[in-house]
Amino acid sequence: MGFALHSSAFEDGAPIPRAYCHDRGDMSPPLSWDGVPDQAVELVLLVDDPDAPVRGSYVHWVMFGLDPTRRGLAKGEIPPEASSGVNGFGTAGYLGPAPPHGDRAHRYVFRLLAVDHVIRLGALPSYADVAAATDGHVLAEARLIGTYQR
C-alpha cells in the first residue's frame, strides 16, 4: 500500500464543500492518510492554489512538525505538536478557497510529505522555506486535489 491522502469531505478531483471555504470562516477540512513510511521523522502539509491569478501559486496552508504516527486531522484541528507557516494573507493557519467571483473552478492541491529529518525554521516560515527545508529529505508524497468555484 502506498502513501495516500484522503478527506471524508470530498473525493480527489471533486469540489470542496462550501463549509471549508474562506467565506464560511476558514475551517479546514478533515484529512486522513495511510501508508506513512516507517522511516518518517515528521510530516509536512502544504496547500496551494496553482490557478490563482498571482505569480506562482497562492498559499492556503503550511504546517510542519506533524507526528508521523498521526493518521489524520479532524475538521478545524490544529495539532499541538505542529508548527505553522504563513499563508497568502500573511497569517498562520488554514485559509479556505476564495477564487475571484466569475473565475473557473480553481484547484487546491493538498500535499502531505513524509520527511526523514526534523525541520527547524523560525516563526512563520513561508511555503517556499518549508519546501526548501524538505528538499532531499522527502521519503514519500501524497496528494489530494479539490476544486472550488464561487
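Start by selecting Phe 3: leaving out residues up to four places away in sequence, it touches Trp 33, Asp 34, Gly 35, Val 36, Leu 43, Leu 112, Leu 113, Ala 114, Ala 140, Glu 141 and Ala 142. Contact here means heavy atoms within 4.5 Å.

A word on what's on your screen: this is a predicted model, where local features need pLDDT of at least 70, side-chain atom pairs count only at pLDDT 80 or more, and totals for chains, interfaces and linings use all residues. Residues are numbered from 1 along each chain as its sequence is written, and side-chain values use heavy atoms, with hydrogens and water left out.

**The cores**

Keep Phe 3 on and add Leu 31, Trp 33, Leu 45, Phe 110 and Leu 112: these have the most contacts inside the largest nonpolar core, which has 27 residues. A nonpolar core is a set of buried Ala, Val, Leu, Ile, Met, Phe, Trp, Tyr and Cys residues joined through side-chain atoms within 4.5 Å. Buried means under 20% relative accessible area, exposed over 50%, and partly exposed in between (1.4 Å probe, protein chains only). Colour strand 2, strand 3 (42-49), strand 4 (58-66), strand 7 (106-115) and strand 8 to see the elements that give two or more residues to this core. Next, pick Leu 46, Leu 113, Ile 119 and Tyr 127, which are included in a second, separate core of 10 residues. In soluble globular proteins, nonpolar side chains tend to be buried together.

**The strands**

Switch to cartoon: you should find one helix and eight strands, running β-β-β-β-β-β-β-α-β from the N terminus. Both kinds of element are DSSP runs numbered from the N terminus: helices are H or I with at least four residues, strands E with at least two.

Now show strands 1, 2 and 5, an open sheet in the order 1-2-5 with antiparallel pairing. Strand 1 (4-6) and strand 5 (72-73) are at the edges with a single partner strand each, so one side of each has no neighbour in the sheet. Strands pair if DSSP finds at least two bridges between them, and two bridges join strand 2 (residues 31-34) to strand 5. Click Ser 32 and look across to Gly 72, its bridge partner in strand 5.

**A buried serine**

Which residues is Ser 28 in contact with, leaving aside its neighbours within four places in sequence? Select Tyr 20, Trp 61, Lys 75, Gly 76, Glu 77 and Tyr 94 to see them. Ser 28 lies in the loop between strand 1 and strand 2 and is buried at 4% relative accessibility.

**Salt bridges**

Glu 77 leads on to the next stop: its side chain meets that of Arg 70 in a salt bridge (3.1 Å, N to O). The term means a side-chain nitrogen of Lys or Arg within 4 Å of a carboxyl oxygen of Asp or Glu, and the structure holds seven of them. Arg 70 is buried at 17%, while Glu 77 is partly exposed at 24%.

Jump to Arg 150 and Asp 23, whose side chains meet at 2.7 Å, N to O. Arg 150 is in the segment after strand 8 (138-148) and Asp 23 in the loop between strand 1 and strand 2, so this pair ties together parts 127 residues apart in sequence. Both are partly exposed, Arg 150 at 31% and Asp 23 at 43%.

Last, select Asp 51, Arg 104 and Arg 107, which are linked in a network of salt bridges.
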